[in-house]
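Okay, thanks everyone, let me put this one up on the screen. I'll just walk through a few spots and then we can talk.

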Amino acid sequence: MPSYRTHIFGGIIVAGVCTLVLLHFGIMEADWQRLVSLAGVCVLGALFPDIDTDSKGQTLFYAAFLAVDGW
C-alpha cells in the first residue's frame, strides 16, 4: 500500500496538471494565492485515503485540515 509520501507526491502532480489545464484554457488567472489553494486542496484530497488507518498520513491530514478550518 502506498505511503503518505506517495499520496502527497500524487496530489502535487494532480495540482500541477490541473493548474496547467486551467491556465491553458484561461479558466484561472495565475496568482499565487489560487495556486497555493489549489495545491493544498489536491494534497488534502490525496491524503484522504489515509484517514481510516493510524498512520503518519492520518496525522498530516488532520493537522492540515485543522489549519485550513481554523484559518
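Quick bit of vocabulary before I start: buried is under 20% relative accessible area, exposed is over 50%, and partly exposed is in between. And keep in mind that what you're looking at is a predicted model.

So, let's begin with charges. How many salt bridges does a search of the whole structure find? Just one. That's D31 with R34, and the closest N and O atoms there are 4.0 Å apart. As a general point, side chains of opposite charge can pair when their charged atoms come close. Now, the exposure of the two partners. D31 comes out at 27% relative accessibility, so we call D31 partly exposed. R34 has a relative accessible area of 43%, so R34 is partly exposed as well.

Next, something nonpolar. There's a surface patch of about 630 Å², and the residues making it are F9, I13, V17, V21, F25 and I27. Let me pick out I27, which sits in the loop between α1, that's 4-24, and α2, 32-47. Is I27 buried or exposed? I27 is at 60% relative accessibility, so it counts as exposed.

Last stop, Q58, over in helix α3, residues 56-70. Q58 is at 17% relative accessibility, and because the cut-off for buried is under 20%, Q58 counts as buried. What does Q58 touch, leaving out residues up to four places away in sequence? D50, I51 and T53. With I51 there's a polar detail too: a polar atom of the Q58 side chain lies 3.1 Å from the backbone oxygen of I51.

Okay, that's my tour, over to you.

Key: Residues are numbered from 1 along each chain as its sequence is written. This is a predicted model: local features need pLDDT of at least 70, side-chain atom pairs count only at pLDDT 80 or more; totals for chains, interfaces and linings use all residues. Side-chain values use heavy atoms; hydrogens and water are left out. Helices (H or I, at least four residues) and strands (E, at least two) are DSSP runs, numbered from the N terminus. Buried means under 20% relative accessible area, exposed over 50%, partly exposed in between (1.4 Å probe, protein chains only). A polar contact is a pair of N or O atoms within 3.5 Å; within protein, one must be able to donate a hydrogen and the other to accept it, and residues adjacent in sequence count only if both atoms are side-chain atoms. Contact means heavy atoms within 4.5 Å. A salt bridge is a side-chain nitrogen of Lys or Arg within 4 Å of a carboxyl oxygen of Asp or Glu. Patches are made of residues with over 30% relative accessible area and no salt bridge: like charges are joined within 9 Å, nonpolar side chains (Val, Leu, Ile, Met, Phe, Trp, Tyr) within 5 Å. Accessible areas come from the Shrake-Rupley method with a 1.4 Å probe; for residues, only the protein chains shown count as cover.
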